[in-house]
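User: I would like to learn how to read side-chain features in a model of this kind. Could we take them one at a time, with the general idea before the case?

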Amino acid sequence: MEYRILGKTGLKISRLGFGGIPIQRIDAEGTKKLLHEMVKKGINYIDTARGYTVSEEYMGYAMEGIRDKFVVATKSMARTKDAMRADIETSLGNLRTDYIDLYYLHRVNEQIPIEDVAKVMGTFIQKGFIRGWGLSQVSLQTLDTAHRITPVSAVQSLYSMVERGLEKEIIPY
């Protein structure tokens, strides 16, 4: 398996990762079997979210004893400090871990100053709850503003042969 560094995190991830949304179609034991097979194949990147129903819970169960084999990203749509802290605490419990490698804020609410969000993420990094943070579906201006306060580790956005808007601003940034 070939590996790359994820964004500006320093985290070494497999080129092939696993998106956790389909986990809701199987059970906890099936998830455990899948993750153990991923370890054998060298796949170490998992992307999940609180919004993917049972995904975090099944992943947490499946990673018991092998958590160190994975780089785990999860995401939330919370925007206030209290809501973000609650979501992170819930994700930590669901994932049965004491840290999240990469915590994404999904679809930033433009009504809440990104400066406030970035400061909170910086606090969570300092406290060791998360190792890095990212934004998904974000404008260049919002990304730049956030990054100046607490460096953004990674960006997750739609990108394909059809969706190529990132090539103009976000990717060069």
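User: Which residue lies over the face of Tyr 99, and how should I read such a contact?

Analyst: The structure is a predicted model, and the contact is read from the position of a charged group relative to the ring centre and the ring normal. Here Arg 131 is placed over the face of Tyr 99, with a distance of 3.8 Å from the ring centre.

User: With which residue does Arg 131 form a salt bridge?

Analyst: Side chains of opposite charge can pair when their charged atoms come close. In this model the partner of Arg 131 is Asp 101, and the closest N and O atoms of the two are 3.6 Å apart. The pair links distant parts of the chain, since Asp 101 belongs to strand S6 and Arg 131 to strand S7 (residues 130–136), with their positions 30 residues apart.

User: Is Asp 101 buried or exposed, and why?

Analyst: Asp 101 is buried, because its relative accessible area is 2%, and the class of buried residues takes in values under 20%.

User: How many salt bridges are there, and what does the pair of Glu 64 and Arg 96 link?

Analyst: The count comes to 11 salt bridges. In one of them Glu 64 is paired with Arg 96, the closest N and O atoms being 2.7 Å apart. That pair also links distant parts of the chain, 32 residues apart: Glu 64 sits in the loop between helix H2 (55–63) and strand S5 (71–76), whereas Arg 96 sits in the loop between helix H3 (81–95) and strand S6 (100–106). Glu 64 counts as partly exposed because its relative accessibility is 45%, and Arg 96 is likewise partly exposed, at 44%.

User: Where do Lys 41 and Glu 37 lie?

Analyst: Both residues lie in helix H1 (residues 28–41), 4 residues apart, which is about one turn of the helix. They form a salt bridge whose closest N and O atoms are 3.9 Å apart, and Glu 37 is partly exposed, with a relative accessible area of 35%.

User: Which residues make the nonpolar surface patch, and where is Ile 13 placed?

Analyst: Met 1, Tyr 3 and Leu 16 make a nonpolar surface patch of about 290 Å². Tyr 3, in strand S1 (residues 3–5), counts as partly exposed because its relative accessibility is 33%. Ile 13, in strand S2 (residues 12–14), counts as buried at 10%. Leaving aside neighbours within four places in sequence, Ile 13 is in contact with several residues, among them Tyr 3, Tyr 45 and Val 71.

Conventions. Residues are numbered from 1 along each chain as its sequence is written. This is a predicted model: local features need pLDDT of at least 70, side-chain atom pairs count only at pLDDT 80 or more; totals for chains, interfaces and linings use all residues. Side-chain values use heavy atoms; hydrogens and water are left out. A charge sits over a ring if NZ of Lys or CZ of Arg is within 6 Å of the ring centre and within 35 degrees of the ring normal. Patches are made of residues with over 30% relative accessible area and no salt bridge: like charges are joined within 9 Å, nonpolar side chains (Val, Leu, Ile, Met, Phe, Trp, Tyr) within 5 Å. Accessible areas come from the Shrake-Rupley method with a 1.4 Å probe; for residues, only the protein chains shown count as cover. A salt bridge is a side-chain nitrogen of Lys or Arg within 4 Å of a carboxyl oxygen of Asp or Glu. Helices (H or I, at least four residues) and strands (E, at least two) are DSSP runs, numbered from the N terminus. Buried means under 20% relative accessible area, exposed over 50%, partly exposed in between (1.4 Å probe, protein chains only). Contact means heavy atoms within 4.5 Å.
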